[in-house]
Every structure is written in C-alpha cells, then in structure tokens.
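Visitor: I have a model open in front of me and I'd like to learn how to read it. Could you walk me through it?

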Amino acid sequence: DGLDQAILNDRGYPRHWLQRAYLNFHGWEFSRVFGRDPLAALAAAERDVTEALRLMPGQHPTWRELARVRYTRAVYRKGLGEDPREDVNEAERCIQEAFRFNATGPENFAIRGPVRLEKAMQREKAGERSGAESLYRESIADLEMAYSCDPGVAKRITAPLEEARTRLRALRP
C-alpha cells in the first residue's frame with residue numbers, strides 16, 4: 001500500500017516502480033500458499049519493471065530484473081506443462097540489454113547462465129544436440145564467471161551449474 005501511494009504521488013520516480021516490482025516478484029512464491037495466481041504476481045512485477053524501464057531505459061539493473069521475471073515465469077509455466085519458449089527468449093533479450101549497459105556484472109552472468117541452460121534443454125528436447133551442447137557450454141561459462149566475480153552467488157548458481165555440467169556430459173558419446 002505504501003508503494004502504491006508513493007506511485008500515486010509521483011508516477012515519474014522509477015525507484016518506486018522497481019521496489020513494487022521487487023515485492024510483486026517475490027510475492028509470486030507465496031501466491032499459491034495464499035490461494036492467489038502466481039502468474040498474476042509475475043505479471044504485476046513485469047508491469048512495474050516495464051514502467052521503470054520506460055522512465056529510465058539505460059539502467060542495467062532494471063533490464064536484469066525484467067530478465068529475472070521472464071525467466072521465472074518460463075520455469076513456472078514449464079512446470080505447468082506449458083511452452084516456456086516465449087518467456088525464455090524474452091529473458092535472453094532482456095539480459096542481453098543488461099549486458100549492453102554493464103558487461104561485467106556478476107548478477108548478469110548469474111541470470112544469463114540459467115537462461116542459457118533452459119534454452120539448451122529446449123534444444124536438446126527438440127533433438128538439436130549441437131545447439132544444446134553449445135548452450136550448455138555457454139551456460140557453464142556464465143555461471144563460472146558469476147562465481148569468479150562474486151563468490152557470494154555460489155549458493156544460487158550451484159544447482160544450475162551442476163545441471164548444465166551433467167547434461168553436457170550426457171550429450172557426449
């Protein structure tokens with residue numbers, strides 16, 4: 001409510017939009033517990049990040065946050081048996097924008113790695129072994145770069161890094 005009031009009082013201040021997006025994004029995790037639709041929370045987060053981007057288009061954290069929202073929605077939809085490709089592709093586009101503004105940010109690598117992992121799994125499922133192999137390697141490189149820049153990300157990147165390594169080994173004859 002406080003952020004809603006802040007936005008009503010100053011619709012042009014991007015920080016309010018980002019803070020509300022952050023709350024909506026993290027609210028998706030609790031949505032099912034409270035009987036709400038997680039996709040609605042993710043849509044609200046996307047709406048708020050998109051407005052922040054409109055107000056401040058050159059900010060890499062904002063592009064990264066939009067990538068995180070789209071990637072999370074892709075994984076959630078995949079879990080529902082839906083096609084996550086549109087969200088994965090959009091997550092990739094957004095994280096590339098974040099890299100355009102900050103090519104060395106460990107958080108950018110920590111997001112692009114799982115996005116590439118998801119794309120690799122899609123390619124593997126479609127029978128595109130060489131494309132999948134390349135994306136698994138890129139995912140591993142991103143996740144290792146995130147760790148080398150900031151060992152504090154280790155807890156978040158361990159599972160996707162191990163999955164990418166395992167899947168890459170399984171592709172080899």
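Visitor: Let's start with the basics: how many helices and how many strands are there in the protein chain?

Guide: Begin with the secondary structure, and keep in mind that this is a predicted model. The protein chain has eight helices and zero strands. Reading along the sequence, you get α-α-α-α-α-α-α-α.

Visitor: And how do I judge whether the protein chain is as compact as a globular protein of that length?

Guide: Compare its radius of gyration with what the globule rule gives. Here the radius of gyration is 17 Å, close to the 16 Å from the rule for 173 residues, so the chain is as compact as a globular protein of that length. For the outline, the C-alpha atoms fill a box of roughly 60 × 35 × 25 Å along the principal axes.

Visitor: What share of the contacts in the protein chain with a separation of 6 or more comes from residues 24 or more positions apart?

Guide: In this chain, that share is 60%. As for burial, 46% of the 173 residues count as buried.

Visitor: What about the surface: how much does the chain expose, and what share do carbon and sulfur atoms supply?

Guide: About 9400 Å² is exposed, with carbon and sulfur atoms supplying 51% of it. Charge is worth a look too: there are 29 positive and 27 negative charges, and their mean positions lie 2 Å apart.

Visitor: Now the inside. Which residues touch the most other members of the largest nonpolar core?

Guide: The general idea first: in soluble globular proteins, nonpolar side chains tend to be buried together. In this model, the largest nonpolar core has 32 residues, and W63, L66, I95 and Y136 touch the most other members. Helices α3, α4, α5, α6, α7 and α8 each give two or more residues to this core. The largest share, seven residues, comes from α6. There is also a second, separate core of eight residues, F25, W28, A41 and L42 among them.

Visitor: Can we zoom in on one of those? What does Y136 touch, leaving out residues up to four places away in sequence?

Guide: Y136 touches L117, A120, M121, E124, A164, R167, L168 and L171.

Visitor: One more: is D87 buried or exposed?

Guide: Check the relative accessibility against the cut-off: under 20% means buried. D87 is at 2%, so it counts as buried. This residue sits in helix α5. Setting aside neighbours within four places in sequence, D87 is in contact with R70, R73, A74 and R77.

Note on methods. Residues numbered from 1 in each chain as written. Predicted model: local features only at pLDDT ≥ 70, side-chain atom pairs only at ≥ 80, totals over all residues. Heavy atoms only, no water. Helix = DSSP H or I, 4+ residues; strand = E, 2+ residues; numbered from the N terminus. Rg over C-alpha atoms; globule rule 2.2 N^0.38 Å. Buried < 20%, exposed > 50% of the residue type's maximum accessible area, 1.4 Å probe, protein only. Contact = heavy atoms within 4.5 Å. Areas by Shrake-Rupley, 256 points an atom, 1.4 Å probe, with all protein chains shown as cover. Lys, Arg positive; Asp, Glu negative; His and termini not counted. Charge placed at Lys NZ, Arg CZ, Asp CG, Glu CD. Core = buried A, V, L, I, M, F, W, Y, C linked by side-chain atoms within 4.5 Å.
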